[in-house]
Amino acid sequence: MPDLYVSWSDYHQKIEQLAIQIYQSSWEFNQIICLARGGLRIGDILSRIYQQPLAILAASSYSGPGQQERNNLNLARHLTMTAEKLGSRILLVDDLVDSGITLEQTISWLKQNIEFPIEEIRTAVLWYKACSVIAPNYYVDYLPDNPWIHQPFEHYEQINPAELAARLIPI
């Protein structure tokens, strides 16, 4: 399958579809945790729609040219949140599940490193690739051919502040 290119409009529509799918499941949660960087925008929007607190866990597993080389997963030491305690019914959000290792290890990390009781964790992503070792609870698109997904914000990885200023500030 060729690479998948996603516009801003398609990206936001998929987040809305994910929000509806979660709503239609009638599952009630009291905390959203998003994986940064890919899940930040999705977590932010879902937090606004559902009016639930957002916590952020930084995770990184890609590097190299175009950030397309999968490496070992690095998780932050701490969860960032503004609430005094974490909710017990957690919606764990990322942009996609590729190998599934990130979601799998994050669930394990949450169960081992959080001092608050967790009743349930469910996962939500926009794209679920067939090569994943874990199936997310909620997803918008199942991708049987495992394409590389080009998201609309990726062009910022190819530009630096000087190039941006040269393009946007009149001389």
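Start by selecting strand E2, residues 31-36, together with strand E5, because in this predicted model the two pair in the parallel sense over four bridges. To see one point of contact between these strands, pick out Ile33 and look across to Leu92 in E5, which stands opposite Ile33.

Keep E5 selected, and show the whole of residues 89-93: this strand is mostly covered, with four of its five residues buried. Next add strand E7, residues 120-129, which runs parallel to E5 and is joined to E5 by five bridges. Within that pairing, select Leu91 and then Arg122 in E7, since Arg122 is the bridge partner of Leu91.

Now turn on the side chains of Glu120 and Arg89, which form a salt bridge whose closest N and O atoms are 3.2 Å apart. Glu120 belongs to strand E7 and Arg89 to strand E5, so this pair ties together parts that are 31 residues apart in sequence. Glu120 counts as partly exposed at 24% relative accessibility, and Arg89 also counts as partly exposed, at 24%. If you then add Glu119 and Arg122 to the selection, you will have a network of salt bridges that links Arg89, Glu119, Glu120 and Arg122.

How many salt bridges does a search of the whole structure find? The search finds seven, and two further ones are worth a stop on this tour.

For the next stop, select Asp141 and Lys14, which form a salt bridge with their closest N and O atoms 2.6 Å apart. Asp141 lies in strand E8, residues 138-143, while Lys14 lies in helix H1, residues 8-24, so the pair ties together parts that are 127 residues apart in sequence. Is each partner buried or exposed? Asp141 is partly exposed, with a relative accessible area of 23%, whereas Lys14, at 16% relative accessibility, counts as buried.

For the last stop, select Glu157 and Arg37, whose side chains meet in a salt bridge at 3.3 Å, N to O. Glu157 is found in the loop between strand E9 (149-150) and helix H4 (161-168), and Arg37 in the loop between E2 and helix H2 (40-50), so this pair ties together parts that are 120 residues apart in sequence. When you display the surface here, note that Glu157 is partly exposed, with a relative accessible area of 35%, and that Arg37 counts as exposed at 55% relative accessibility.

Technical notes
Residues numbered from 1 in each chain as written. Predicted model: local features only at pLDDT ≥ 70, side-chain atom pairs only at ≥ 80, totals over all residues. Heavy atoms only, no water. Buried < 20%, exposed > 50% of the residue type's maximum accessible area, 1.4 Å probe, protein only. Pairing = 2+ DSSP bridges. Salt bridge = Lys/Arg side-chain N within 4 Å of Asp/Glu carboxyl O.
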